[in-house]
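Biologist: Please take a close look at the ligand site in this model. What surrounds the ligand, and which side chains make polar contacts with it?

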Amino acid sequence: MRKPEDLTTRDLATIWHPYTQMKVAPAPLPIVRGEGVYLYTDDGRRLLDGISSWWVNIHGHSHPALNAALAAQAAKLEHVLFAGATHEPAVALAEHLTSILPRGLTRIFYSDNGSTAVEVALKMAWQYWQNRGQHARRDFIALHNAYHGDTVGAMSPGETTAFSKPFEGLLFPVHRVHSPYCYRCPIGLKRSECSIDCLGDLERALASRAGSVAAVIIEPMLQGAGGMIVWPAEFLAGVRRLCDRYDTLMIADEVLTGFGRTGRMFACEHASVSPDLICLSKALTGGYLPLAVTATTESIYEAFLDDDRSKAFFHGHSYTANPLGCAVALASLNLFRTEGTLDRVRALERQFRARMEDIRAIKVVGDVRAIGGVAAFELITGKGGYFDSIGPRLYEAFLKRGLLLRPLGSILYFMPPFVITEQEVDWAFDQIAEVLREVDSA
Ligand SMILES: Cc1ncc(COP(=O)(O)O)c(C=O)c1O
């Protein structure tokens, strides 16, 4: 039997980690257990998971109800192919989702992660127009600071960053327009004096490409990996209005924002809009298993119905609609009812806002923003951006204090599982304030 303390050494001998410069990265944390908001290392350290394990966890680690749902489903059916077969968890989850999704989203297509949910949406939008004989509809419009995933299709609408730069020649072209990044307003206005004028860029792009745009893709209300940029709801309403006016499809990538993260079940609710396609993953299973959904309208679905089989949507994955994932997702959605999850997120936002004001006063902090269960601090440091050396320094400083945070370069954010207590939030904000004051005094 190997000793558990060998875990890191064994890992480094065989494993290649994501987003990691393996030559210089610190050794990975050897995590042996999770419970509630905490992760435990093999040497007994307890870390508060301040980023919900990459934004997926909402009800806490190892939740008894989710564990039970998973075990019960595993004892019945672990997996079956999803072409020409179906199963209860997939159907029940689809029924539940269509009852809570923004109006009109009545068709559920399953895949297995956020990037595939986006790939599916892009391909569906593209083929929708082809099937309707509108072959000129080949353009996609995306936003600056966007992030939609790491597969080749999902990378294309994402902003060119360190993540996608090496693959530039591989990506399909998209037209990119302003996002409402109020702290760094793309047209130099102040929020108090603007009428969401940055939306004009999207309108010009749509007007000049009339009849050639397949879809506009956005991350509603919160652009995550691009810098935790919180939007005014009016921008979101404006995107829907313009997509209607110029008769094109709106894709809402709610991979991050779905399932309560912004204080509403879906971020589109902040502006009472329904997109034509919505992408969901991450917290869909409460953070347990990779599962994704692209939901769409009957009218898009109907464009694929034909006696000609070649008009079908030819896309699928081996683990499409995995029964274990669907069963846990259903159990997670039930917890929203039994544990009052959305009320908890709204209380979190109130507490975040109250605590953020002290932090705003720290010199290194340029901007603070919050929405639902997300608080972000934009730091004014030398280089800025993802490769700002402040990111790894802060990561280490928080780790020493038992708080797991992974800043996006100069953007520090806190996005814990919703079950975090008020005292734990206060403790985490104390750590954030103290570390940032240390940065100031250094
Ligand atoms: C908005 C958004 N879309 C898509 C993705 C990709 O999801 P995944 O990492 O599951 O492929 C992410 C991941 O962070 C995301 O934030």
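**The ligand site**

Modeller: A polar side-chain atom of serine 115 lies 2.6 Å from an oxygen atom of the ligand; as with everything here, that value comes from a predicted model. Asparagine 113 also faces a ligand oxygen, with an N or O atom of its side chain 3.3 Å away. On aspartate 253 the partner is a nitrogen atom of the ligand, which lies 2.7 Å from a polar side-chain atom of that residue. The ligand on its own has 390 Å² of accessible area, and the protein covers 83% of it.

Asn113 and Ser115 belong to the surrounding shell together with Gly114. Tyr147, His148 and Gly149 are also part of that shell, as are Asp253, Val255 and Leu256. The list is completed by Trp55, Glu219 and Lys282. Sorted by class, the shell holds four nonpolar, five polar and three charged residues. Glycine is counted as polar in this sorting, and the shell includes Gly114 and Gly149.

Outside the ligand shell, two helix pairs can be described. Helix H7, residues 200-208, packs against helix H8, residues 233-245, at about 15°, and their axes are 10 Å apart. Angles under 35 degrees count as roughly parallel, and H7 and H8 are therefore roughly parallel to each other. Their crossing is right-handed. Helix H11, residues 341-360, and helix H13, residues 422-441, have axes that come within 10 Å and cross at roughly 30°. H11 and H13 are therefore roughly parallel as well, and H11 passes H13 in a right-handed crossing.

Note on methods
Residues numbered from 1 in each chain as written. Predicted model: local features only at pLDDT ≥ 70, side-chain atom pairs only at ≥ 80, totals over all residues. Heavy atoms only, no water. Near = heavy atom within 4 Å. Polar contact = N/O pair within 3.5 Å; in protein donor to acceptor, adjacent residues only side chain to side chain. Areas by Shrake-Rupley, 256 points an atom, 1.4 Å probe, with all protein chains shown as cover. Axes fitted to C-alpha atoms, helices over the stretch in contact; angles between N-to-C directions. Helix = DSSP H or I, 4+ residues; strand = E, 2+ residues; numbered from the N terminus. Parallel < 35°, antiparallel > 145°, perpendicular 65-115°, else oblique. Left-handed = near helix turned anticlockwise from the far one by under 90°.
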